[in-house]
Amino acid sequence: MIQIQPELKRVKELRQLLQQASYAYYVLDAPTMEDAVYDQLYRELQQLEIQYPELVSADSPTQRVGERPATHFTSVRHNIPLYSLENAFNIDELQGWEQRWRRQAPKIEAVEYVTELKIDGSALALTYQNGVLVRGATRGDGVMGEDITQNVRTIRSIPLRLNFEGLEELEKVEVRGEAFLRLDVFKQINEERQKAGEQLFANPRNAAAGTLRQLDSRVVAKRRLDFFGYTLHIPGRDDASIANTQWEALELLEKMGFHVNPNHKLCGSLTEVAEYYQYWDTERLNLPYMTDGVVVKLNSFKLQEQLGFTQRFPRWAVALKYAAEEAPTRVENIAVNVGRTGALTPLAEMRPVQLAGTTVSRATLHNSDRISQLDIRIGDTVIVRKAGEIIPEVVRVLKELRPPDTQPFVMPTHCPVCGQLVVRESGEAVTRCVNASCAAILKGEIEHWVSRDALDIKGMGEKLVHQLVDKELVHSVADLYNLTAEKFCVLERMGQKSAEKLVNAIAQSKSQPWSRVLYGLGIRHVGSVNAQLLTDKFTTVEQLATARQSDIEGVYGIGAEIAQSVYQWFRISANQTLISRLQDTGLQLATTAEAKAVGDGNQKLAGKTFVVTGTLPTLKRDEAKALIQKSGGKVTDSVSKKTDFLVVGEDAGSKLEKAQALGITQLSEAQLIELLQE
């Protein structure tokens, strides 16, 4: 240790400099160091820690991104329950809340309230031991959460080491707060997902929650989550010895190095609370993040302790929520879009209106059944809102304002793109164009083919695909493999180097496995998971193309609907021609010996017992069970102490309650798939 003393001193010095710079940049929004200088100091620290690994510590700035993805999250019990708040939706309900808590403390007269904006994100519980972050956990059910420490470390506004000056005697500190995404970051994430052909996040709250539950912390780091601290607990001692009030606690959190929302206010009455609430009802639209209400807390910790909790909420706090913003506008046209599967989707084109801080001019009407339900017509005045405060939707039609000459909207009988007759199959709500040569369908098919989960052809964005189809350079996905740099160069904003990169990216896609090719074909009901199940059974395209429908349905996890769709697809002569052309290009339409060997040896879940409950987003229960069993896992129907994982979907019942009581790790469908893919 004596030999590395100078290095130890320098490491401590570098950490302190970098932590101070991060606090100034991410919390105070007042940078004190040039980026180039920060990078230089960071690299120096990194090199010293590589040279002397024994000097690495959990609070080092270099430890903000984990090196290895986690396989799953561990359930942990909160030392102090992380309760949600009771909701109030107007001032009358706020007054009702005050009346209820006053019945519990009738002798209390004058009180102070602290009002804070309710950030629309995901609650976190942070534990610090001797000033160093040792655990970050999700809310979960309030009693049990998930340990996501590795992901929490990536959030720059969460200090890895607290500023404990004057508080050195504190061994343990717990901080609660909200992780969230700023609107500009959320917009950027969705733009990147759209380019990659991935499903867009509905709102910043869902994006933040989904980000925190990523198994790979490097993904979390790229998403640039932020954090506001709002509650301070010091287990095992009287908080009042450090702070007597919520207001003092917020000041202390700032001193410790946390980002605290600057828009909190100390109010001497409910009248002041109401003024604060009404002010932010409109002003919140100018904030760089989403807020859906105001949190009102009694300021005195002594009074908070006296009031305590109900079985679900603290009596001393309430969330005063804003109503979902709605606005009237006029429908100027109802257009119909055609998607990859030929589905016709009606779209209301409206007079632009401001809604939740953005201009809204279009909203999906889903299908003809929804149109009939709304009885929406061109010329109608409608009420629109943002579902999840992001996606515009028509809520209702103000029929009393309807012009006298309007006519009911009727879905077209012919495709608006190719003019061919459309069909609506019995039992379906969707009307479809079934013309395989329709330009709209072709564009969707190619966009699907080049997407990340299919052939993953880099650089083939939506605009480029549309140009290729509009200029009749491609008539099927097979034509992509005949494109040359010279053909690409005739497109707008396409130079020689970019064209050559695209040709190379298309060529590289020929090495993608058979399962990706099958998924890329876009057969109805066949997702990436089903494609893998099918190609495991039918290792060549010839085997699948000639299989009987009963043989396809016999694959564990493949239902009758999927089997029928696959069987019928291979009976169509145009599809048979497509397969022949794809084989000629050199694509992998068979499972290679190497891939089969890897698949056969994949028993990573051996010895683990799973239970699946609820309705999963995309997988049927049998499909999920088949995936688990294929990887060596055991699936049972009942939860017990021997259960390792509970895969949870919507409307989970008693199995979820029992698993929570036993502390069994819960997985979403997405986490299960990530676990299988790792």
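Me: What makes Arg205 and Asp120 a salt bridge?

Reply: Distance, basically. This is a predicted model, and in it the closest N and O atoms of Arg205 and Asp120 are 2.8 Å apart. The rule asks for a side-chain nitrogen of Lys or Arg within 4 Å of a carboxyl oxygen of Asp or Glu, so the pair qualifies.

Me: And why say that the pair ties together parts of the chain?

Reply: Look at where the two residues sit. Arg205 belongs to helix 6 (residues 204–212), while Asp120 is in the loop between strand 3 (113–119) and strand 4; the parts they tie together are 85 residues apart in sequence.

Me: Why is Asp120 called buried, and why is Arg205 called partly exposed?

Reply: Buried means under 20% relative accessible area, and Asp120 has 6%, so Asp120 is buried. Partly exposed runs from there up to 50%, and Arg205 is at 30%, so that label fits.

Me: How many salt bridges does the rule give?

Reply: The count comes to 22. Another one joins Asp292 and Lys321, with the closest N and O atoms 3.9 Å apart. The cut-off is 4 Å, so that pair still counts. Asp292 is in strand 10 (residues 291–298) and Lys321 in strand 11 (residues 317–321), 29 residues apart. Both Asp292 and Lys321 are buried.

Me: What makes Asp375 and Lys399 a salt bridge?

Reply: Their side chains meet at 3.7 Å, N to O, and the limit is 4 Å, so the pair passes. Asp375 lies in the loop between helix 11 (368–374) and strand 15 (381–387), and Lys399 in the loop between strand 16 and strand 17, so the bridge ties together parts that are 24 residues apart in sequence.

Me: Are Asp375 and Lys399 buried or partly exposed?

Reply: Asp375 has 21% relative accessibility; buried needs under 20%, so Asp375 counts as partly exposed. Lys399 has a relative accessible area of 45%, and exposed needs over 50%, so Lys399 is partly exposed too.

Me: What joins Asp375, Arg377, Asp380, Lys399 and Arg402 into one network?

Reply: Salt bridges that share partners.

Me: Why say that Cys415, Cys418 and Cys438 gather at one spot?

Reply: An unreviewed UniProt entry lists these three under "binding site". They span 24 residues in sequence, yet no two of their C-alpha atoms are more than 8.6 Å apart, so they gather at one spot.

Me: Why are Cys415 and Cys438 called buried?

Reply: The limit is under 20%. Cys415 has a relative accessible area of 4%, so Cys415 is buried. Cys438 has 0%, so Cys438 is buried as well.

Me: Where are Cys415 and Cys438, and what do they touch?

Reply: Cys415 is in the loop between strand 16 (391–397) and strand 17 (422–423). Leaving out residues up to four places away in sequence, Cys415 touches Val338, Gln420, Val422, Cys433 and Cys438. Cys438 is in the loop between strand 18 (431–433) and helix 12 (439–450). With the neighbours left out in that way, Cys438 touches Cys415, Val417, Cys418 and Cys433.

Me: How do you know that the buried residues of helix 20 are on the same side?

Reply: Those residues are Ile562, Ala563, Ser565, Val566 and Trp569. Around the axis they cover an arc of only 165 degrees, which puts them on the same side of helix 20. What covers them includes helix 17 (528–537), helix 18 (541–545), helix 19 (549–553), helix 21 (573–585) and helix 23 (621–630).

Me: What makes strand 7 "mostly covered"?

Reply: Eight of the nine residues in strand 7 (residues 172–180) are buried.

Me: How do you know that strand 7 pairs with strand 4 and with strand 8?

Reply: Pairing takes at least two bridges. Strand 4 (residues 122–129) and strand 7 have eight, in the antiparallel sense, so they pair. Strand 8 (residues 226–233) has seven bridges to strand 7, also antiparallel, so that counts too. Among the partners, Ala123 is matched with Glu178 in strand 7, and Val175 stands opposite Leu232 in strand 8.

Me: Why is Tyr113 called buried, and what makes its link to Glu98 a polar contact?

Reply: Tyr113, in strand 3, has a relative accessible area of 1%, and the limit is under 20%, so Tyr113 is buried. The side chains of Tyr113 and Glu98 are joined at 2.6 Å, and a polar contact has to be within 3.5 Å, so this one fits. Tyr113 is also 9.7 Å from Trp316, C-alpha to C-alpha, with their positions 203 residues apart in sequence.

Conventions: Residues numbered from 1 in each chain as written. Predicted model: local features only at pLDDT ≥ 70, side-chain atom pairs only at ≥ 80, totals over all residues. Heavy atoms only, no water. Buried < 20%, exposed > 50% of the residue type's maximum accessible area, 1.4 Å probe, protein only. Helix = DSSP H or I, 4+ residues; strand = E, 2+ residues; numbered from the N terminus. UniProt positions renumbered as here; feature names shortened; annotations may be inferred. Contact = heavy atoms within 4.5 Å. Arc of directions from axis to C-beta. Polar contact = N/O pair within 3.5 Å; in protein donor to acceptor, adjacent residues only side chain to side chain.
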